[in-house]
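Colleague: I should like to request a close look at a single part of this model, the surroundings of the ligand. Please define each term for a first-year student.

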Amino acid sequence: MEKIRISNTQGLKLEGTVRISGAKNAVLPAIAASLLTRAEVRLDNVPLVKDVYTILALMKGLGADYDLQGNSLSIAMKKVLSDEASYEQVRAMRASILVLGPLLARYGKATVALPGGCAIGSRPIDLHIHGLQKMGAAISLEHGYIHAEVSRLHGAEVEFEKKTVTGTENLVMAAALAEGETVLRNCACEPEVSSLCELLVKMGARIEGLGQDTIRIQGVKELGGASHKIIPDRIEAGTFLVAGALCRGDLLLTDIEPGHLETVLEKLRIAGAGLDLGPDRVRVTGGADIRSQDITTSSYPGFPTDMQAQFMVLMTQAQGTSIITETIFDRRFSHVNELMRLGASIEVSGDKAIVHGKTPLSGAEVMATDLRASASLILAGLIAGGQTLINGVEHIDRGYENIEAKLRRLGANIERITG
Ligand code: EPZ
């Protein structure tokens, strides 16, 4: 069993330059989009994280040929050979649901396992299904699978009850090949959604309203190939920015899009971190004193839920009390008990976590339960006295490319051990 071990004598100072990888949550829909065409789609700046290999295995099963050279991928779905995304695949990664819309649009049939439970909350996909039904798909749920069929999708007016990132992505991809116009309202405006739309437009799709919460799509008969660069991972960037603020660091993050991180940067400024922004880079310097503040997660451009756990660690080292309100997922505090094992003082009440700072942390053995929780435990391990041992390493590999190597280059004493 692999574990991550962090050894720290009080007062680690992280220093140096770290290059931020491409975004996991942008590359997954981009790979699914290649289902919409027979032609080749080339993607650059692809992060080599486990979720990428999972979706590529799924795409291969559907009939794709691909070639991954370093961080460049070329993929082509000349012919759809299967319409099934199995329970094994979907269980490994909920984002597998992203093949539902494009498969239905291209092939008229899709059999996708229903994503089961998730550590961070109940995550239904009713809005995906409801939207596709409005576009004419006949959908039934049997034996844990979604069975969807249609001769050709048609345009429709769909208003999302809630902003949903992959729901918006699924319907935009479906609408790109539908007959007529689709209008999607109350869409998610995350940069990953806009980047997918940019790729689709390069493939020949007709889309208006990129980055807005109303998107109009004129369906076309056929889409072509395209080349596209995956946007930087704003959550990986946010994680390293918190590391810099936490460890009295002096870090230069390169290959990032500061504009995608405005709310996170604002909260870091309030916390007392020094920030120097460039067009594709940010320098963060951590101060001795960290200021407490309240944070409420919301959809973009609000404070990202995927940064909640990491920011909680920073608030454990702040003078005073911070209230963190999680509005997106109803069970996204599983990292709290583990942080308390390291000495943090946190109370959870409903959708709020009350963080009492400043409490020194001391190393212990802990368990990561999901991707961002594991990132928060690594951050806590960087400042906890002595040794921290993190179990559940498989989670971190899903969304962070070489995080230990990147941290080691910045001065952290972190390694992966088996034991
Ligand atoms: C995406 O998940 C991201 N994943 C998540 O990142 C991220 O936390 C989330 O968006 C929110 O920003 C990918 O992009 C692959 P949602 P998604 O649909 O699309 C409810 C990470 O750590 N909802 O926007 O699955 C849902 O329960 C991951 O990288 C419905 O009720 O999230 C939630 O409360 C974790 N019905 C809210 O909407 C639906 O049909 C937002 O979820 C769909 C969603």
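Modeller: The account below begins with the ligand and then turns to the cores and to one buried side chain.

This is a predicted model, in which local features need pLDDT of at least 70 and side-chain atom pairs count only at pLDDT 80 or more, whereas totals for chains, interfaces and linings use all residues. Residues are numbered from 1 along each chain as its sequence is written, and side-chain values use heavy atoms, with hydrogens and water left out.

The ligand is surrounded by 23 residues, each having a heavy atom within 4 Å of it. The closest are Asp-126, Thr-164, Thr-166, Asp-306 and Ile-328. By class, this shell holds nine nonpolar, six polar and eight charged residues; Ala, Val, Leu, Ile, Met, Phe, Trp, Tyr, Cys and Pro count as nonpolar, Asp, Glu, Lys and Arg as charged, and the others, Gly among them, as polar. The helices α1, α5 (126–134), α6 (165–176) and α12 (371–383) each supply at least two residues of the shell, and the largest share, three residues, comes from α5. Helices here are DSSP runs of H or I with at least four residues, strands are runs of E with at least two, and both are numbered from the N terminus.

Three side chains make polar contacts with oxygen atoms of the ligand; such a contact is a pair of N or O atoms within 3.5 Å, and within protein one must be able to donate a hydrogen and the other to accept it, while residues adjacent in sequence count only if both atoms are side-chain atoms. The distance is 2.6 Å for Thr-166, 2.8 Å for Arg-372 and 3.5 Å for Arg-332. Taken alone, the ligand exposes 840 Å², of which the protein buries 89%; these areas come from the Shrake-Rupley method with a 1.4 Å probe.

Helix α1 also takes part in the largest nonpolar core, to which it gives seven residues, the largest share. This core has 78 residues, and Met-59 is among those with the most contacts inside it. A nonpolar core is a set of buried Ala, Val, Leu, Ile, Met, Phe, Trp, Tyr and Cys residues joined through side-chain atoms within 4.5 Å. Buried means under 20% relative accessible area, exposed over 50%, and partly exposed in between, with a 1.4 Å probe and protein chains only.

Finally, Gln-293 is found in the loop between β18 (290–291) and β19 (295–296). Gln-293 counts as buried because its relative accessibility is 8%. A polar atom of its side chain lies 2.9 Å from the backbone oxygen of Lys-267.
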